[in-house]
Amino acid sequence: MAMALYPDVQRKAQTEFDSVVGRELLRWHSVVPLGLAHASTCDDEYGGYFIPKGSMILGNVWGVLDIEIYDQLLEFRPERFLKNGEIDPERPGRGSSSVWVWPQICPGRHFSDNALFSLVSSVLSVFTISHAKDKHGNVIPIHAETTSGFLSYPVHFDCEIRPRSAAAEKLIRDSQELM
């Protein structure tokens, strides 16, 4: 009801998530570090290299992230897209490195953006995610390590995922009954 009554607040929250957290999630860790294979549609030249028509090209997603623009590349910092509390229009791209590797925009970007939004907002609305603790109550550190290869994903790590509140737990349990 609140979102219907206050559409400006809803739009602001959606814009902040889409433009800041979503951007940083896509920038911070690409699931496909070399992107997807593309074929050149004509003979071309790039950086002094001849690329014949039909060549398969893989774009190094990490290679195009400029340390001058994105300092501390390995840190998850959504605020890097803000300036004076607003979206920084000078910050290039929308987070997905594919817009920097290829001249055309990814046709699947809306699907991936919406799926990412649905997943993250659903999880964060009902769960608190924190470091796991050992049997002595000491925090178990999490290292931001990922696999290498065509697909990249986090290596195993321990964490604690718990409902944010009794109401959140009830919502989780009620949704399980629907499945």
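What is the mean pLDDT of the chain, and what share of its residues reach 70 or more? The model shown here is a predicted one, and the mean pLDDT of its chain is 79, with 82% of the residues reaching 70 or more. Confidence varies along the chain, being highest in strand β3 (residues 49–51), at a mean of 93, and lowest in helix α3 (residues 98–101), where the mean is 46. Over residues 94–100 the pLDDT stays under 50, and for these residues the model has 22 contacts beyond four places in sequence.

With that in mind, the overall layout can be followed. The chain contains 5 helices and 8 strands, and their order, read from the N terminus, is α-α-β-β-β-β-β-β-α-α-β-β-α. Of the contacts between residues at least 6 apart in sequence, 59% join residues that are at least 24 apart. Of the 179 residues in the chain, 21% are buried, while the accessible surface of the chain amounts to about 13200 Å², 60% of which belongs to carbon and sulfur atoms.

The loop between β4 (56–57) and β5 (82–83) is a useful place to look at individual residues, and G59 is located there. G59 has a relative accessible area of 8% and is therefore counted as buried, since the cut-off for that class is under 20%. In space, the C-alpha of G59 lies 8.5 Å from the C-alpha of H38, although the two residues are 21 apart in sequence.

R80 is also found in the loop between β4 and β5. Is R80 buried or exposed? Its relative accessibility is 3%, so R80 counts as buried. Leaving aside residues up to four places away in sequence, R80 touches E24, R27, Y70, D71, Q72, E75 and R91. With one of these, Q72, there is a polar approach to follow in the structure: a polar atom of the R80 side chain lies 3.3 Å from the backbone oxygen of Q72.

The surface offers another view. V31, L36, F150, L151 and Y153 form a nonpolar patch there, and together these residues have about 520 Å² of accessible area. One member of the patch, L151, is placed in the loop between β7 (127–131) and β8 (159–163). L151 has a relative accessible area of 48% and so is classed as partly exposed, because exposed residues are those over 50% and buried ones those under 20%.

Conventions:
Residues numbered from 1 in each chain as written. Predicted model: local features only at pLDDT ≥ 70, side-chain atom pairs only at ≥ 80, totals over all residues. Heavy atoms only, no water. pLDDT = per-residue confidence, 0-100. Helix = DSSP H or I, 4+ residues; strand = E, 2+ residues; numbered from the N terminus. Contact = heavy atoms within 4.5 Å. Buried < 20%, exposed > 50% of the residue type's maximum accessible area, 1.4 Å probe, protein only. Polar contact = N/O pair within 3.5 Å; in protein donor to acceptor, adjacent residues only side chain to side chain. Patch = residues over 30% accessible without salt bridge, like charges linked within 9 Å, V, L, I, M, F, W, Y side chains within 5 Å. Areas by Shrake-Rupley, 256 points an atom, 1.4 Å probe, with all protein chains shown as cover. Salt bridge = Lys/Arg side-chain N within 4 Å of Asp/Glu carboxyl O.
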